[in-house]
Amino acid sequence: MTEPLFSLAGVSKRYGDFPALDDVSLTIAPGERVVLIGPSGAGKSTLLGLLNGTLAPSQGEVRALGRALDGLSPKERRAIQRRIGTIYQQYQLVENLPVIHNVNAGHLGRWSLVKALLSLVWPLERERAEQALAQVGIAEKLYTRTSSLSGGQQQRVALARVLVQNPDAILADEPIASLDPERGREIMDLLVEISQTTGKTLVASLHAVEFTHSHFDRAIGLRGGRVLFDCPAEAVDEGMLGALYRIG
Ligand SMILES: Nc1ncnc2c1ncn2[C@@H]1O[C@H](COP(=O)(O)OP(=O)(O)OP(=O)(O)O)[C@@H](O)[C@H]1O
Ligand SMILES: [Mg+2]
């Protein structure tokens, strides 16, 4: 059996006294496409934050890429985090810079400080940035000011940045929540295409449950910080969704 890319063993995360995640254990294999669904406050973003090491568990162990995240030196942690790319609902781009700078930010984990600073003045690696933008369908926007792009285009820039980063896994926290349905579908299609063609693991939290069957292998339903179901995506049915989103 191949080693899991991510694993959580008995993981809880509390904010103060509040249990955002409660005793969660799961593993994610390389190349899997996993959707996290569940009502607001279920713990989806918290789970993604634990997977990319931006949050530490209150209890239990999180492993990513074969290493326990607890107790890593800052340098070791950065080395792991470089191999995990994250996309957010709010694209986390520097809006007043041209697109190429935002795409090149995907290199930052690898570049020396001098090169990184230099790249702010003079965009480096134009070809790689151009190629990534072509892959996400906006090749012509290389020198456009990022703030003048539409939301869908900005999410494409965020995707291009992840392509340049070339991580082993892509985590996406509600990547389409700010987009209209058609732009949202385009981004979902792109995410899956990238994961399929490169073999990268994809873990996405989504409120748009209609993508569960069409875009994912596996679905994890979270409710109140606990895993309500964890099954093949195609097995998710209306009864399960009803129980997941029921009020009270
Ligand atoms: N920094 C924080 N401080 C205190 N409580 C927090 C913090 N972050 C999250 N929480 C709480 O933890 C719970 C889980 O939050 P989380 O953001 O993981 O949920 P979610 O499933 O991503 O929700 P949504 O669908 O609204 O994004 C919520 O009740 C939230 O209020
Ligand atoms: Mg969230």
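The paragraphs below walk through a predicted model, from its overall form to its ligand shell, two of its helices and a few individual residues.

The protein is built from 9 helices and 10 strands. Its C-alpha atoms occupy a box of roughly 50 × 45 × 40 Å along the principal axes. The radius of gyration is 18 Å, which agrees with the value near 18 Å that a compact globule of 248 residues would have. Of these 248 residues, 39% count as buried. Contacts that reach far along the chain are well represented: among contacts with a separation of 6 or more, 67% join residues 24 or more positions apart.

The surroundings of ligand 1 make a convenient place to start. Its shell consists of Tyr15, Phe18, Ala20, Gly38, Ser40, Gly41, Ala42, Gly43, Lys44, Ser45 and Thr46. Two elements, strand E2 (18-28) and helix H1 (44-51), each give two or more residues to this shell. The top contributor is H1, with 3 residues. By residue class, the shell around ligand 1 holds 4 nonpolar, 6 polar and 1 charged.

Helix H1 is itself well covered. Because 6 of its 8 residues are buried, H1 is largely enclosed by the rest of the structure. The buried positions in H1 are Lys44, Thr46, Leu47, Leu48, Leu50 and Leu51. Two of the names in that list, Lys44 and Thr46, also belong to the shell around ligand 1. After H1 comes Gly53, with a positive phi near 75 degrees.

Further along the chain, helix H6 covers residues 151-165. The 15 residues of H6 reach 21 Å from the first C-alpha to the last, close to the 21 Å expected at 1.5 Å a residue. Most of H6 is covered, with 12 of the 15 residues buried. Those buried residues are Gln154, Gln155, Arg156, Val157, Ala158, Leu159, Ala160, Arg161, Val162, Leu163, Val164 and Gln165. The cover over them includes strands E6 (84-88) and E7 (169-173), together with helices H3 (99-104), H5 (126-135) and H7 (181-198).

The loop between H6 and E7 contains Asn166. This residue, just after H6, has a phi near 50 degrees, a positive value in a residue other than glycine. Asn166 is classed as partly exposed because 16 other C-beta atoms lie within 10 Å.

Helix H7 offers a picture of its own. For its 18 residues the span should be 26 Å at 1.5 Å a residue, and the end C-alpha atoms are indeed 26 Å apart, so the two agree. The buried residues of H7 are Gly184, Ile187, Met188, Leu191 and Ser195. These cover an arc of only 100 degrees around the axis, and therefore sit on the same side of H7. On the other side of the helix, Glu182, Glu193, Gln196 and Thr197 are exposed. The buried residues of H7 pack against strand E3 (33-37), H6, E7, strand E8 (201-205) and helix H8 (211-215). H6 and E7 thus appear among the partners of H7, while H7 and E7 appear in the cover of H6. Just after H7, Gly199 adopts a positive phi of about 75 degrees.

Two residues in strands complete the survey. Asp23 is found in strand E2, an element that also takes part in the shell around ligand 1. Although Asp23 is not a glycine, its phi is positive, at about 55 degrees. Asp23 has 15 C-beta neighbours inside 10 Å, so it counts as partly exposed.

Glu61 lies in strand E4 (residues 59-64). With 14 other C-beta atoms within 10 Å, Glu61 is likewise partly exposed. Its C-alpha is 5.8 Å from that of Leu8, although the two residues are 53 apart in sequence. Apart from neighbours within four places in sequence, the contacts of Glu61 are Ala9, Ala68 and Asp70.

Key. Residues are numbered from 1 along each chain as its sequence is written. Chains are lettered from A and ligands numbered from 1 in the order in which they are written. This is a predicted model: local features need pLDDT of at least 70, side-chain atom pairs count only at pLDDT 80 or more; totals for chains, interfaces and linings use all residues. Helices (H or I, at least four residues) and strands (E, at least two) are DSSP runs, numbered from the N terminus. The expected span of a helix is 1.5 Å times one less than its number of residues. A residue is buried if 20 or more other C-beta atoms lie within 10 Å of its own, exposed if 12 or fewer, and partly exposed in between; C-beta atoms are placed from the backbone. Two residues are in contact if their C-beta atoms, placed from the backbone, lie within 7 Å. The arc is that of the directions from the helix axis to the C-beta atoms. The radius of gyration is taken over C-alpha atoms; the globule rule is 2.2 Å times the number of residues to the power 0.38. A residue is near a molecule or strand if its C-beta atom, placed from the backbone, lies within 6 Å of it. Ala, Val, Leu, Ile, Met, Phe, Trp, Tyr, Cys and Pro count as nonpolar, Asp, Glu, Lys and Arg as charged, and the others, Gly among them, as polar.
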